[in-house]
Amino acid sequence: MLPLFAVIAAIALTFVVSSFQKGINEKNPKGSQPTLIDYYFKFDGTDGEETNEMKWTETDAADFNSTLTCTSIRRGCKLKTTKITGTSGVDAHPELVEVDGTAPNISPKTSVASGVTQVKNRVPTY
C-alpha cells in the first residue's frame, strides 16, 4: 500500500510543480524583458544646472520630436528617459541626469544607470 501512495504523491507533486512553472513562464517568457516606458523632458534651468532633476519639466513625444531648438546656448535641452521620480503627468522629473564636462559647460548624456536613452539639441561647443 505504501508504494502505491508514494507513486500517487509523486505524480501529484509533478503536476503541481509543472503547473506552477507554466504559470511563471506565461507571465515572463524566457528571455523577455519588461516593457519600458519612455518619458520626455525639457530643460528649464540655466547653464550648469542640468544635473538638477527639478529643472527638467515633463513634456510629450511630439514636443520632444519637434524641430524647435533650445533658447540661449544650452548644450542639452531635451531628453528621453525610462526612469523617473514622482508621477507622470503630475510631478515627474528624471531620476538622474548624468553629464559630460564641467559647469557651466556641461552636456546631458545617455547612460544605462540614469535611464536616459536620448538627448536632443546638444550644442557641441561654446
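**Figure 1. Contacts across the sequence in the predicted model.** Of the contacts between residues at least 6 apart in sequence, 58% join residues at least 24 apart. The model shown is predicted. The protein contains two helices and eight strands, and their order along the sequence is α-β-β-α-β-β-β-β-β-β. Buried residues account for 26% of the 126 residues. The accessible surface is about 8,400 Å², with 61% of that surface belonging to carbon and sulfur atoms.

**Figure 2. The largest nonpolar core of the protein.** This core has 11 residues. The aromatic side chains in the list are Tyr39, Phe41, Phe43 and Trp56; the list continues with Cys77, Leu79, Ile84, Ala92, Val97, Val116 and Val119. Strand E1 (39–43) and strand E8 each supply at least two residues of this core. E1 gives the most, with three residues.

**Figure 3. Surroundings of Phe41.** Phe41 is a member of the largest nonpolar core. Neighbours within four places in sequence are left aside in this view, and Phe41 then contacts Trp56, Thr57, Glu58 and Thr59. Further along the chain, Phe41 is in contact with Cys77, Lys78, Leu79, Thr81 and Ile84, and also with Ala92, His93 and Pro94. Among these contact partners, Trp56, Cys77, Leu79, Ile84 and Ala92 are also listed in the core.

**Figure 4. The hairpin of strands E6 and E7.** Strand E6 (residues 99–102) and strand E7 (105–108) are joined by four bridges and run antiparallel. A hairpin connects E6 to E7 through two residues. Thr102 has Asn105, in E7, as its bridge partner.

**Figure 5. Ser111 in the loop after strand E7.** Ser111 lies in the loop between E7 (105–108) and strand E8 (116–120). The relative accessible area of Ser111 is 19%, so this residue is classed as buried, the cut-off being under 20%. The side chain of Ser111 makes a polar contact with the side chain of Ser114, at 2.8 Å. Not counting residues up to four places away in sequence, Ser111 touches Glu98 and Val116. Of these two, Val116 is listed in the largest nonpolar core.

**Figure 6. Salt bridge between Lys109 and Asp100.** A search of the whole structure finds two salt bridges, one of which joins Lys109 to Asp100. The closest N and O atoms of this pair are 3.6 Å apart. Lys109 counts as partly exposed because its relative accessibility is 25%. Asp100, at 37% relative accessibility, is likewise partly exposed. Asp100 falls within the residue range of strand E6 (residues 99–102), whereas Lys109 follows the range given for E7 (105–108).

**Figure 7. Salt bridge between Glu49 and Lys55.** Glu49 forms a salt bridge with Lys55, and the closest N and O atoms are 3.8 Å apart. Glu49 has a relative accessible area of 25% and is therefore partly exposed. Lys55 is also partly exposed, with a relative accessible area of 29%. Both values lie between the limits for buried, under 20%, and exposed, over 50%.

How values were computed:
Residues numbered from 1 in each chain as written. Predicted model: local features only at pLDDT ≥ 70, side-chain atom pairs only at ≥ 80, totals over all residues. Heavy atoms only, no water. Buried < 20%, exposed > 50% of the residue type's maximum accessible area, 1.4 Å probe, protein only. Polar contact = N/O pair within 3.5 Å; in protein donor to acceptor, adjacent residues only side chain to side chain. Contact = heavy atoms within 4.5 Å. Areas by Shrake-Rupley, 256 points an atom, 1.4 Å probe, with all protein chains shown as cover. Pairing = 2+ DSSP bridges. Core = buried A, V, L, I, M, F, W, Y, C linked by side-chain atoms within 4.5 Å. Salt bridge = Lys/Arg side-chain N within 4 Å of Asp/Glu carboxyl O.
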